[in-house]
Amino acid sequence: MAPLWYKNALFYELPVRAFYDSNGDGHGDLAGVTRKLDYLQALGVDCLWLPPIYPSPLLDGGYDIADYYGIHPDFGTMADFKQLLTEAKRRGLRVIADLVLNHTSASHPWFQAARADRASPYRDYYVWNDTDQRYQAARIIFLDTETSNWAWDQTAGQYYWHRFYSSQPDLNYDNPAVQAEMLNVLKFWLDQGLDGFRCDAVPYLIEREGTNCENLPETHKFIKTVRNFVETHYPDCVLLAEANQWPHDLRPYFGDNDEFHMAFHFPVMPRIFMALGRGDASALIEILKATPAIPPENQWCTFLRNHDELTLEMVTDAERLWMWRRYAPEPRMRLNLGIRRRLAPLLGGDARQLELANALLFALPGTPIFYYGDEIGMGDNIWLPDRDGLRTPFQWDAGPNAGFSSAAPEQLYAPVVAEGPFSYQRVNLAAQLADSQSLWHRLRRLVTVRKAQPVFGCGEYEFLPLAGAQVFGLARRHAGEVVVALHNLTAEPQRVEIDPSQTPCLASWQGASAHDLVAERAAGQLRPTLTQTLGPYSYCWLKLEKDGAGPP
């Protein structure tokens, strides 16, 4: 793989429907994404992640796939898709897409054939039973809408298994034909030129009685088969795991660098919000200390928000209640075991906290992902159903429909955010590009600094033994270079003293000079300690240099 390209990259989640409408039908499309590639390049994006673009009834944002081998007509054609890949590659951008391995839509021809005829070869593509009493130890994921993981099908005369909505029957990975079919799907899209997949809901592929039907050995066996297939035929492509699990259960998804290249670190995300809301880094440090080491070729993927609710499955009951009270005081803001809000409303639109949250994200081990619109502080619409309020049109400018589409407003797939402090008249890209001090410009600067320092993408890390938990400090180290990252989580100034003798990776840097990478200024010397004063919700990244000549 071209030297582990994903380690020092910036990923950008881009729902095609929400980004830009090129033909005025009210839906964003692939041609619209192609038109906006220059914008993404200017932001500093390296890899686009496209949520599902396949034919689908769209009962779950496209994660209910009705055809793995096509493009949803609202999004364009296969020719549009190939053109997008061509233009992205011309700009040095990579593109990965969602692959939903666990389930299909109930409208998929496979399921329709399966339910219509017990003798159909597709019957065994799904998991059927005469009762709904099997696998009772498996939790229900969509608690707000589903009461069971089984659903009765009158035509089939049996129950079928589903871990998500009842409109999404699970595939049967005990059937070798299903495994072979999924490899064919991978091959089809990688042959088109995709650079890899974000693999959805991977812990749930296999069911076994007496277990919780998650993270089973047979699941890992199939993932190893997928990785071997990709490694053999498409060695420059990446596989990213979506597995909402605790760190000790996440670790096996890397295997011995023979399963996924990358995996989302779900438990880190809510603890970033805990740190900001409490002014205390303790919970964040605790989860990072509980995170096992992974093979050096592998990488965590970190994020602040995405297209789903801010999941609170990987926190304690007490922490979940605190998060709901702090960030979702109205019941409408809550969904399942999470919060359906965007980043900017969660942080009250405070530009300082928004920049600090991203600085934290960028300083942590892993590859960061932006969710579309968070780079300008877009808001949400909690009155839309399910998670649709997080998926409103991108706000390009203050013109009609926020510059997203030339269609009549009632034709849009979802209304633009038109009221309140996050309305498109107040929050839009054009206005922020014109303001050199805007959130967009500040985050763009942060992206530039991070990508210029491989220590963030590839380096080891060590927590700084600071006097209190109000400042989150860690040292990143790689190839003889060290960057000390300090983040004030409070609304009060904080004075910090860095003592190299108390931090093993800094011990040899006694007397070194510190250079503030973001502010581009000298920041003192470690003689014998270095003191920094951080303003409210501020941060600094200090690169150490010995005698002005670089690292020792």
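R271 has a relative accessibility of 5%, so this arginine counts as buried. Keep in mind as we go that the model is a predicted one. R271 belongs to helix α9, which covers residues 268-278. What does the side chain of R271 reach at 2.7 Å? That would be the backbone oxygen of P267. A polar atom of the R271 side chain also lies 2.8 Å from another backbone oxygen, the one of M314. M314 turns up again in the list of residues that R271 touches, once those up to four places away in sequence are set aside: W246, A283, L284, I287, M314, V315 and E319.

Now over to D308, a residue with the opposite charge sign on its side chain's usual label but a similar story to tell here: at 16% relative accessibility, D308 counts as buried. D308 sits in the loop that links β10 (299-303) to β11. The side chain of D308 makes a polar contact with the side chain of H307, at 3.4 Å. Leaving out neighbours within four places in sequence, D308 is in contact with E242, R387, L390 and R391.

The loop holding D308 ends at β11, and that strand takes us to a small piece of sheet. Here 3 strands form an open sheet, in the order β11-β13-β12, with antiparallel pairing. Which strands stand at the edges? They are β11 (310-311) and β12 (334-335), and each has a single partner strand, so one side of each is left without a neighbour in the sheet. Between β12 and β13 (residues 338-339) there are 2 bridges, again in the antiparallel sense. If you want to find this pairing on the screen, look for L335, whose bridge partner in β13 is G338.

For parallel pairing, go to β7, residues 196-200. How many of the 5 residues of β7 are buried? The count is 5 of 5, so to speak a mostly covered strand. G196, R198 and D200 point one way from β7, F197 and C199 point the other way, and all are buried. Strand β3 (residues 94-100) pairs with β7 in the parallel sense over 4 bridges, and in that pairing A97 stands opposite F197. Strand β8 (residues 238-241) also runs parallel to β7, and 4 bridges join them. F197 is useful as a marker here too, since its bridge partner in β8 is L239. To get from β7 to β8, follow helix α7 (residues 217-233): together, β7, α7 and β8 make a right-handed β-α-β unit.

Then there are the aromatic rings. The count comes to 47 aromatic pairs. Take Y371 and Y372: their ring centres are 4.9 Å apart and their planes are at 80°, so this pair is edge-to-face. Both Y371 and Y372 are buried. Elsewhere, one aromatic cluster is formed by Y54, Y68, Y69, F81, W110, Y122, Y125, F188 and W189.

Some arginines sit over rings as well. R123 lies over the face of W128, 4.2 Å from the ring centre. For R326, the ring in question is that of Y327: the charged end of R326 sits over it, 5.0 Å from its centre.

Definitions and conventions. Residues are numbered from 1 along each chain as its sequence is written. This is a predicted model: local features need pLDDT of at least 70, side-chain atom pairs count only at pLDDT 80 or more; totals for chains, interfaces and linings use all residues. Side-chain values use heavy atoms; hydrogens and water are left out. Two strands pair if DSSP finds at least two bridges between them. Buried means under 20% relative accessible area, exposed over 50%, partly exposed in between (1.4 Å probe, protein chains only). A crossover is right-handed if, with the strands pointing away from the viewer, the path from the first strand over the helix to the second runs clockwise. A polar contact is a pair of N or O atoms within 3.5 Å; within protein, one must be able to donate a hydrogen and the other to accept it, and residues adjacent in sequence count only if both atoms are side-chain atoms. Contact means heavy atoms within 4.5 Å. Rings of Phe, Tyr and Trp (its six-membered ring) pair if their centres lie within 6.5 Å; planes under 30 degrees apart count as stacked, over 60 as edge-to-face and the rest as tilted. A charge sits over a ring if NZ of Lys or CZ of Arg is within 6 Å of the ring centre and within 35 degrees of the ring normal.
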